[in-house]
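Colleague: I should like to learn how to read the features of a model such as this one. May we go through it element by element?

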Protein chains: 2
Amino acid sequence: MTYTTHDMEFSIQASEDKLSISWNGESIIEHTKSNPFLYIGFGKETVNMYRGNFEIKDYVEERTPLRFIRINELEDNKLVAAFSTYNENSLPILYMTIRKDSGRLVIELENKDTTINRFWIRIKASKEEKIYGCGEQMSYFNLRGRNFPLWTSEPGVGRDKSTYVTWLADVKDKAGGDYYNTNYPQPTYVSSKKYYAHVEATAYADFNFKNEDYHELHTWEVPKEIVLEGARDYLQLVEKISAKFGRQPELPDWVYEGVILGVQGGTEVVDQKLIKALESGVKVSALWCQDWQGKRITSFGKRLMWNWKWNPDEYPDLDVKIKEWKEKGIRFMGYINPYLAVEGDLFKEAENNGYFALNEEGNTYLVDFGEFYCGVIDFTNSEAFEWYKGVIKEHLIEFGLDGWMADFGEYLPTDLYLSNGEPAMQKHNQWPVLWAQANYEAVKETGKLGEVVFFMRAGYAGFQKYCTLLWGGDQSVDFSLHDGLASVIPAALSSGMSGMGLHHSDIGGYTSLHGTKRNKELLLRWLDMGVFTPFLRTHEGNRPYDCVQFDEDEETLAHFARMTTVFTHLAPYAKTLVAENAKSGTPVQRPLFLHYEQDPNVYDIQYQYLYGKDVLVAPVHEEHQNTWEVYLPKDEWIHLWSGEEYSGGTYIVNAPIGEPPVFFRKNSEWKELFHQVRSL
Amino acid sequence: MTYTTHDMEFSIQASEDKLSISWNGESIIEHTKSNPFLYIGFGKETVNMYRGNFEIKDYVEERTPLRFIRINELEDNKLVAAFSTYNENSLPILYMTIRKDSGRLVIELENKDTTINRFWIRIKASKEEKIYGCGEQMSYFNLRGRNFPLWTSEPGVGRDKSTYVTWLADVKDKAGGDYYNTNYPQPTYVSSKKYYAHVEATAYADFNFKNEDYHELHTWEVPKEIVLEGARDYLQLVEKISAKFGRQPELPDWVYEGVILGVQGGTEVVDQKLIKALESGVKVSALWCQDWQGKRITSFGKRLMWNWKWNPDEYPDLDVKIKEWKEKGIRFMGYINPYLAVEGDLFKEAENNGYFALNEEGNTYLVDFGEFYCGVIDFTNSEAFEWYKGVIKEHLIEFGLDGWMADFGEYLPTDLYLSNGEPAMQKHNQWPVLWAQANYEAVKETGKLGEVVFFMRAGYAGFQKYCTLLWGGDQSVDFSLHDGLASVIPAALSSGMSGMGLHHSDIGGYTSLHGTKRNKELLLRWLDMGVFTPFLRTHEGNRPYDCVQFDEDEETLAHFARMTTVFTHLAPYAKTLVAENAKSGTPVQRPLFLHYEQDPNVYDIQYQYLYGKDVLVAPVHEEHQNTWEVYLPKDEWIHLWSGEEYSGGTYIVNAPIGEPPVFFRKNSEWKELFHQVRSL
């Protein structure tokens with residue numbers, strides 16, 4: 001008995017004891033009795049969370065290959081197979097339905113043994129294959145050669161076990177992190193064979209791309225389904241990925257009008273900072289004040305009050321001031337997250353109504369956020385979900401905020417109890433999706449989509465259609481590869497390959513700990529890079545006084561004036577990129593292979609990006625550099641600052657502060673706009 | 001069908017699908033279909049060695065419970081069972097023969113599937129149970145609550161991931177180590193249920209004592225057998241353990257005559273040091289000169305030439321001088337290890353004769369020992385083994401050495417080729433046994449057993465009968481818990497519970513790296529402890545000029561004079577302890593429960609020991625202490641230095657340098673000897 005179906009995309013072959021699936025002529029799934037591709041098992045995990053940093057250990061007691069297959073049903077577009085562990089006649093332990101769904105190959109799984117809580121699937125690999133995606137990966141863009149645990153968490157401070165800062169963060173706070181830690185993981189990868197694979201599961205996962213001849217995708221549940229989809233080229237592939245997860249709407253026009261100044265300290269202080277900026281010629285589109293709802297001081301640094309409403313003590317007359325600023329073309333942005341500090345009145349209201357997740361004793365589960373405690377809004381409780389949307393609508397949108405940081409989402413403790421009865425271990429990864437959804441619906445239901453923008457750092461598969469903008473989380477205020485300026489480039493690229501095409505980062509980074517302080521060079525280099533993203537926002541950092549700010553001195557202000565002028569000048573181009581992302585899911589910041597797939601040299605480049613198809617950006621991510629090495633794929637390029645022409649190849653170019661290595665295509669339809677930059 | 005055998009020790013019950021073994025009325029092995037106790041599997045390891053530090057990762061592809069048992073043979077003292085994975089009728093994958101062998105329960109295993117390379121066995125545990133042994137464990141004496149990978153290696157520098165030294169050692173040399181790293185691991189544990197379990201295997205192992213209700217013993221091969229043996233009390237238990245592995249002979253009388261001065265620098269220099277020591281009243285039994293065969297300087301510090309024969313350039317007239325010293329009652333000791341540096345003539349001889357282990361290309365495998373390279377004598381080649389014994393006989397014993405450090409043994413690389421065809425992965429752990437055997441036979445065959453003593457740091461199950469003395473390896477020259485002075489106490493205790501009852505350590509420690517330097521306090525405190533062991537030997541350290549030495553100043557010399565006087569005074573007592581160890585395997589340094597098993601407080605004490613049954617030692621292992629807290633089990637005790645009487649309990653006692661907290665039993669038959677110490 002042999003079964004074959006074939007179209008231009010996937011081909012399936014099945015016989016009594018064999019199954020094989022090919023994509024584009026290459027085998028990607030291969031099952032025989034001696035080389036099974038599925039394993040099931042049973043494991044016991046231990047999970048320790050300390051302030052969003054998770055120590056997760058697994059103890060796999062059983063891991064059994066599913067050697068025996070039986071093909072049960074064969075239809076044109078559907079195949080049902082049963083797998084068992086012992087022999088062909090024993091009771092099947094897992095059923096698999098493979099079906100075509102508008103070009104996608106969907107592998108549905110049904111688990112007959114509910115004690116099974118570990119699952120492995122092997123997908124065939126080739127030696128030269130590259131792998132991308134898996135959400136927002138900050139250390140490596142090409143994931144080949146490593147495994148990637150997928151669990152939303154704090155990304156860590158330092159994220160590199162060989163650095164002193166990482167070691168100190170580990171020893172003092174268990175917070176050092178490692179290359180795979182991220183706020184936004186996703187069980188979806190993209191192969192250079194031009195297909196993507198998505199595993200529909202929310203449990204802890206670990207995707208292993210270390211092996212030469214197979215990838216092994218591991219989940220702590222039997223996934224509902226595994227989706228495979230391919231394309232002719234990478235542009236089409238990202239279009240399909242974004243179609244699967246949903247696309248982000250366009251950003252409001254006002255975000256292109258200048259920098260969003262991340263400032264704090266109360267109405268008077270931020271107004272003075274704004275005036276100083278404007279007087280210095282800095283183009284400002286908005287003020288972003290995290291502490292609009294109050295602040296507290298902890299040993300970590302300046303923290304917020306976590307009671308999500310205007311704090312008139314901290315910001316007197318803010319209600320009036322917001323309108324005044326808006327008339328002058330300056331928007332006001334705030335901050336919220338899905339937790340409520342015990343000291344606030346919103347906490348009391350939520351607790352009285354039973355809106356919090358509970359602990360073992362049936363009381364409100366309190367999470368330690370670093371010297372203060374918070375309840376966790378239980379988004380599986382639809383009343384709580386609606387109530388929190390109401391908080392956003394009433395206290396943020398109606399109050400006049402045009403946007404906010406929708407922070408956190410990664411901290412769902414695994415030992416709390418949710419109202420819908422789902423285990424927190426299964427829900428943890430999905431939490432950022434629910435958090436995005438709450439924000440999105442609040443904005444949409446008030447008719448503000450396209451005018452209000454919120455930005456998140458946490459994410460997971462499916463949050464793409466809800467999240468209006470991603471930011472790269474809390475980088476260290478330094479030039480370190482794994483946690484500094486450089487890291488946000490692979491972060492943007494991998495997010496883009498995962499269906500989240502709008503990315504930006506805190507200009508200057510955020511985390512000052514264990515001696516790291518933001519110097520002027522870092523702030524200016526980060527600004528130079530941020531100009532070539534559609535959303536330019538500064539952050540004072542967790543310890544503002546340890547960090548150089550935009551108003552440090554005249555030179556810094558002048559630099560901000562000049563670079564925000566470049567940013568606003570490029571707005572027409574930036575808008576088209578954002579529109580392309582909204583329409584077809586082409587990310588705004590793109591890996592070079594998206595447009596130069598014939599060039600074998602571009603597949604491992606992770607510190608350069610295409611800003612749309614016409615601009616190539618190679619940010620200077622090291623200290624004390626005046627020149628920078630750039631790789632240009634074969635094309636005709638113009639250096640943005642000198643107007644000099646380049647063809648493909650490796651070049652060392654001048655790259656002083658204020659002239660980041662940026663090139664545009666000579667034949668771009670936007671070439672006039674780009675040429676004008678030299679005269680700004 | 002039910003089968004029962006019972007005697008005072010072990011009881012076995014077996015029926016068609018059940019097996020249970022009890023010891024002393026408590027179940028220790030329990031098999032049912034739903035709760036099997038054996039797992040088999042298949043894994044692929046990656047092993048990276050850097051200068052004796054191993055990074056070992058496992059990837060377990062299959063792990064399957066052996067659910068189905070069939071009892072095949074039943075005899076009075078023998079039971080044969082067959083295990084299979086799938087069902088009771090499928091082909092057995094593992095056969096088990098359980099038999100009594102003079103009080104021991106021997107579980108023989110026969111593996112029918114040669115692809116199996118992973119094995120797990122679960123032994124029932126109880127919550128309050130304590131576990132000891134597993135060779136020489138330097139961080140924890142009671143092993144409960146942790147897992148212990150068993151693989152002979154460098155123990156690491158720092159051995160504590162929370163210390164800066166460990167982090168630096170990790171980052172610079174992959175050499176930081178962890179709590180379980182040891183030169184001498186052993187797959188044998190002792191339970192506070194008064195039985196021991198030994199797994200007869202040499203492959204990589206990992207014994208996991210984390211679970212409340214079972215211990216899981218994991219080996220990277222199916223063990224040949226598992227031995228269980230119990231006893232009425234701990235003294236009898238150590239007697240049985242030492243009977244299993246063999247006991248150490250008594251030490252030569254001359255070792256009790258004073259300190260063995262570890263000095264270097266050539267005949268003239270060491271002679272001057274000896275004269276200085278003797279003139280200062282220091283009792284000296286021997287000179288120990290590592291560099292008798294030459295030295296080299298590397299970035300690590302002073303290293304040796306590794307060509308194991310007298311170097312007359314470094315030590316002119318040593319042949320004559322050895323005799324002169326011996327006439328004065330001063331022995332001479334040297335150094336050897338199982339590697340030969342490429343520069344030496346012994347290397348050439350060995351290579352010409354094919355005595356080295358080979359690399360993949362069939363050439364001599366060269367090991368990087370830190371800026372120099374060596375060949376590995378292939379002890380599986382009997383000619384090479386005999387030749388190396390000959391080197392020891394000719395160049396060490398016949399030359400006049402009365403002992404040596406038989407260093408290393410842990411470095412056998414896993415990718416070399418041995419002449420007998422055994423995989424190096426399987427042979428690695430056994431290498432120290434072969435190395436001990438070579439030394440032992442060389443000494444024995446020259447009739448020098450009891451006169452010549454060699455001391456080793458590496459070990460494994462079975463080396464006990466060959467190794468004349470253990471030393472604790474290369475501690476850091478500091479007071480750190482996991483790698484300093486303190487660590488040699490659990491090291492001695494766990495070795496003693498594993499059948500190696502003679503232990504000592506480098507007085508003052510060895511490793512000065514990353515800023516650690518030996519101060520005077522450390523040297524004196526270490527000496528104060530060493531006096532209460534039967535072998536007192538100093539080491540200059542790897543960086544002698546960063547370390548305070550015995551001849552640092554008059555005060556230090558006077559301290560050495562006084563403490564070596566105490567040491568020699570205690571010689572009659574020490575000799576009886578060493579004799580007891582030789583006769584019945586009672587270790588010289590004993591955990592308190594060996595004599596006070598009724599006291600529940602003593603089972604977790606790892607920084608005190610009994611020096612024989614009459615002396616309790618509680619070394620001061622922290623800096624800047626003048627008093628020290630001591631726990632005394634219920635008895636009548638006399639404080640060695642003050643003569644004050646104590647009964648059982650916790651006390652804070654005066655403990656200045658030179659008066660380490662030491663107590664003797666009031667009713668000891670040696671009490672006069674101990675009382676005399678106060679007047680020394």
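Modeller: Let us begin with a term: helices and strands are DSSP runs, numbered from the N terminus, with at least four residues for a helix and at least two for a strand. Please keep in mind that this is a predicted model.

Colleague: Where does Arg51(A) lie in those terms?

Modeller: Arg51(A) belongs to the loop that joins strand 5 (38-50) to strand 6 (53-65) of chain A.

Colleague: What should one look for in the backbone there?

Modeller: The general idea is that most residues other than glycine have a negative phi. Arg51(A) is not a glycine, yet its phi is positive, at about 50°. Its relative accessible area is 24%, and Arg51(A) is therefore partly exposed.

Colleague: Which loop holds Asp317(A), and is Asp317(A) buried or exposed?

Modeller: Asp317(A) sits between strand 22 (301-304) and helix 4 (318-327) of chain A. The cut-off for exposed is over 50% relative accessible area. Asp317(A) has 54% relative accessibility, so it counts as exposed. Although not a glycine, Asp317(A) has a positive phi of about 60°.

Colleague: Let us turn to helices. How many residues does helix 3 of chain B have?

Modeller: Helix 3 of chain B, residues 267-279, has 13 residues. From first C-alpha to last, helix 3 of chain B reaches 18 Å, close to the 18 Å expected at 1.5 Å a residue.

Colleague: Which residues of helix 3 of chain B are buried?

Modeller: They are Thr267(B), Val270(B), Asp271(B), Lys273(B), Leu274(B) and Ala277(B). Viewed down the axis of helix 3 of chain B, these buried residues fall within an arc of 160°, so they line one face of the helix. Glu268(B) and Glu279(B), on the other side of helix 3 of chain B, are exposed.

Colleague: What covers the buried residues of helix 3 of chain B?

Modeller: The cover includes two strands of chain B, strand 19 (259-262) and strand 20 (284-288), together with helix 4 (318-327) and helix 11 (554-569) of chain B. Just after helix 3 of chain B, Gly281(B) takes a positive phi of about 90°.

Colleague: At what angle do helix 3 of chain B and helix 4 of chain B pack?

Modeller: The angle is about 15°, and the axes of helix 3 of chain B and helix 4 of chain B are 11 Å apart. Angles under 35 degrees count as roughly parallel. Helix 3 of chain B and helix 4 of chain B are therefore roughly parallel to each other, and their crossing is left-handed. From helix 3 of chain B, Thr267(B), Val270(B), Asp271(B) and Leu274(B) meet Leu318(B), Lys321(B) and Trp325(B) in helix 4 of chain B.

Colleague: What does Asp271(B) touch, leaving out residues up to four places away in sequence?

Modeller: With those left out, Asp271(B) touches Lys321(B) and Trp325(B). The relative accessible area of Asp271(B) is 9%, so this residue is buried.

Colleague: Could we take one residue from a covering strand?

Modeller: Ala286(B) has its place in strand 20 of chain B, and it counts as buried at 0% relative accessibility. Not counting neighbours within four places in sequence, its contacts are Trp254(B), Val259(B), Ile260(B), Leu261(B), Ile330(B), Arg331(B) and Met333(B). Ala286(B) also lies 10 Å from Gly334(B), C-alpha to C-alpha, while the two are 48 residues apart in sequence.

Colleague: For a second helix pair, at what angle do the axes of helix 6 of chain A and helix 8 of chain A cross?

Modeller: They cross at roughly 55°, and the axes of helix 6 (residues 382-397) and helix 8 (residues 431-445) of chain A come within 9 Å. Helix 6 of chain A and helix 8 of chain A are therefore oblique to each other, with a right-handed crossing. Among the residues that meet are Phe385(A), Tyr388(A) and Ile392(A) from helix 6 of chain A and Leu434(A), Trp435(A) and Ala438(A) from helix 8 of chain A.

Colleague: Is Lys393(B) buried or exposed?

Modeller: Lys393(B), in helix 6 of chain B, has a relative accessible area of 19% and is buried. Outside four places in sequence, Lys393(B) touches Glu398(B), Glu441(B), Ala442(B), Glu445(B) and Thr446(B).

Colleague: Finally, what do the buried residues of helix 1 of chain B pack against?

Modeller: They pack against helix 1 (164-173) of chain A. The buried residues of helix 1 of chain B are Val165(B), Thr166(B), Trp167(B), Leu168(B) and Ala169(B). Just after helix 1 of chain B comes Lys174(B), with a positive phi of about 55°.

Conventions. Residues are numbered from 1 along each chain as its sequence is written. Chains are lettered from A and ligands numbered from 1 in the order in which they are written. This is a predicted model: local features need pLDDT of at least 70, side-chain atom pairs count only at pLDDT 80 or more; totals for chains, interfaces and linings use all residues. Side-chain values use heavy atoms; hydrogens and water are left out. The expected span of a helix is 1.5 Å times one less than its number of residues. Buried means under 20% relative accessible area, exposed over 50%, partly exposed in between (1.4 Å probe, protein chains only). The arc is that of the directions from the helix axis to the C-beta atoms. Contact means heavy atoms within 4.5 Å. Axes are lines fitted to C-alpha atoms, for helices over the stretch in contact, and angles run from 0 to 180 degrees between N-to-C directions. Angles under 35 degrees count as roughly parallel, over 145 as roughly antiparallel, 65 to 115 as roughly perpendicular and the rest as oblique. A crossing is left-handed if the near helix is turned anticlockwise from the far one by less than a right angle, and right-handed if clockwise.
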